[in-house]
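Thanks for bringing this one to the bench. Let's walk through it together, question by question.

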Amino acid sequence: MTRLLLAGTGLIGTRHQAHIEAHPDLVLAGIIDPDPARRAHPTVPGFASIDDVDVAADGIVLATPTGSHAPLTIAAARRGWHVLVEKPVADTLENADAMIAAADAAGVKVLVGHHRRHHPRVAKLQAVLASGRLGQPVAASLMWLMKKPDDYFAVDWRAGIDGAPIKQNLIHDVDTLRWLFGEVTDVVGLASNAVRGAARPESGGAVLRFDSGVTATIAYADTTPTPWGFEAGTGESPHIPHTAQDSLRIACTHGAIEFPSLRVWSGAAHWNEEPKPTQEDAPDGIPLVRQLEHFAEVIAGRATPVVDAASARRTLEVILRIEETAGVA
Ligand SMILES: NC(=O)c1ccc[n+]([C@@H]2O[C@H](COP(=O)([O-])OP(=O)(O)OC[C@H]3O[C@@H](n4cnc5c(N)ncnc54)[C@H](O)[C@@H]3O)[C@@H](O)[C@H]2O)c1
């Protein structure tokens, strides 16, 4: 059994909590949340602060506001707990560096919650591209176009730039694209707040070039209720209805692939020939559960983090560049 603490029982923390409590190999050792109602539990001890924890644990899941990721990771490392910290790894690159240094000094591992890498359809997409059967990836087009309800922004830390779709949502897409295409070499970002007039970007675009030569264009918004976005397309979030529509198209030298349908287009040597569709399949699997299982393997020393803090720092660097070049940082 792997004993896990959970810090933060908000939007994502409650999902981690449910998955930990339902898992036969995981034990919820304690809940940390400054809000007494949120840490209340019939059997699991609750703590107002990480400093108050007096139960034994192997690791901690940090699902707290982004600005607290660095101080809580450093405190957890000093207690000898391995850390699964939600994305973004930190609010600044300097704080990410401090987390990496603290974890190294304490000999604990940090896994960052870019859980899409644990989605079976993402893993299949990566495997198809890595197999080379579609040739060399050339270009990608990605949409994340959702409407968040206005009360989502009523929480203090979400009202400003940390709650904008660049840092909240595109960060997942950037991590996925880095897994597919390599490191990002060039970034252009654009942003607008034309709908809500909020003090943060609401919609815009980004163009990324990767060291493999791939260029990806991204359109994002949290002001439009479309069927196009990762969670809607995959049905991954219990809060977002499943539309099964594609939101990512990848063009390669010998064909193309759409996601999440995993429809492959191939068989055309050039534009005078018709590409034909075929279908790839992937098993079911809940990425947050698979991520917790991976965390248990990391804690046991049987795996290294699929996304460690150094990798997540590189994703954060791209996100900060999108904000900077869009003039909103
Ligand atoms: N992986 C994902 O898909 C995903 C989805 C949503 C949010 N997130 C990330 O998870 C983090 C939390 O987001 P959220 O939307 O769940 O936030 P939230 O505001 O809904 O919940 C945060 C919780 O943390 C508690 N908290 C605040 N300070 C704390 C501290 N020092 N110690 C313990 N608990 C503390 C709050 O009382 C609250 O219960 C953010 O970094 C966000 O980017 C990830």
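## Loops, a helix and a core

A244 sits in the loop that joins α8 (230-234) to β11 (248-252); helices (H or I, at least four residues) and strands (E, at least two) are DSSP runs, numbered from the N terminus. This is a predicted model, in which local features need pLDDT of at least 70 and side-chain atom pairs count only at pLDDT 80 or more, while totals for chains, interfaces and linings use all residues. Residues are numbered from 1 along each chain as its sequence is written.

Q: Is A244 buried or exposed?
A: A residue is buried if 20 or more other C-beta atoms, placed from the backbone, lie within 10 Å of its own, exposed if 12 or fewer, and partly exposed in between. A244 has 11 C-beta neighbours inside 10 Å, so this residue counts as exposed.

Q: What is the phi of A244 near?
A: Most residues other than glycine have a negative phi. A244 is a residue other than glycine with a positive value, near 60°.

Q: Which loop holds L262?
A: L262 is partly exposed, with 17 other C-beta atoms within 10 Å. Its phi is positive too, near 60°. The place to look for L262 is the loop between β12 and β13.

Q: What is the omega of the peptide bond from F259 to P260 near?
A: P260 lies in the loop between β12 (255-259) and β13 (263-266). Most peptide bonds are trans. The bond from F259 to P260 is cis, with omega near 10°.

Q: What is the omega of the peptide bond from K87 to P88 near?
A: P88 belongs to the loop between β5 and α4. The bond that leads into P88 from K87 is cis, and its omega is near -10°.

Q: Within what arc do the buried residues of α4 fall?
A: Helix α4 covers residues 93-106, and its buried residues are N95, A96, M99, I100, A102 and A103. The arc is that of the directions from the helix axis to the C-beta atoms. Seen down the axis, the buried residues line one face of α4, because they fall within an arc of 165°.

Q: Which exposed residues does the face of α4 turned away from its buried side carry?
A: The buried residues of α4 pack against α3 (69-78), β5 (82-85), β6 (110-112) and α10 (309-325). The face turned away from that buried side carries E94 and A105.

Q: Which helix gives the most to the largest nonpolar core?
A: A nonpolar core is a set of buried Ala, Val, Leu, Ile, Met, Phe, Trp, Tyr and Cys residues joined through C-beta atoms within 7 Å. The largest one has 86 residues, of which L4, L5, I60, V83, M99 and L170 touch the most other members. With eight residues, the helix that gives the most is α7 (residues 165-181).

Q: How many C-beta atoms surround R39 within 10 Å?
A: R39 is in helix α2 (residues 36-39). Two residues are in contact if their C-beta atoms, placed from the backbone, lie within 7 Å. Leaving aside neighbours within four places in sequence, the contacts of R39 are T9, I31, I32, D33, G46 and F47. R39 is buried, and the number of other C-beta atoms within 10 Å is 20.

Q: How far apart are the C-alpha centres of domain 1 and domain 2?
A: The chain is divided into domain 1 (2-108) and domain 2 (116-283 + 316-325), with bounds from an automatic or database domain assignment. Their C-alpha centres are separated by 28 Å.

Notes: Expected span 1.5 Å × (residues − 1).
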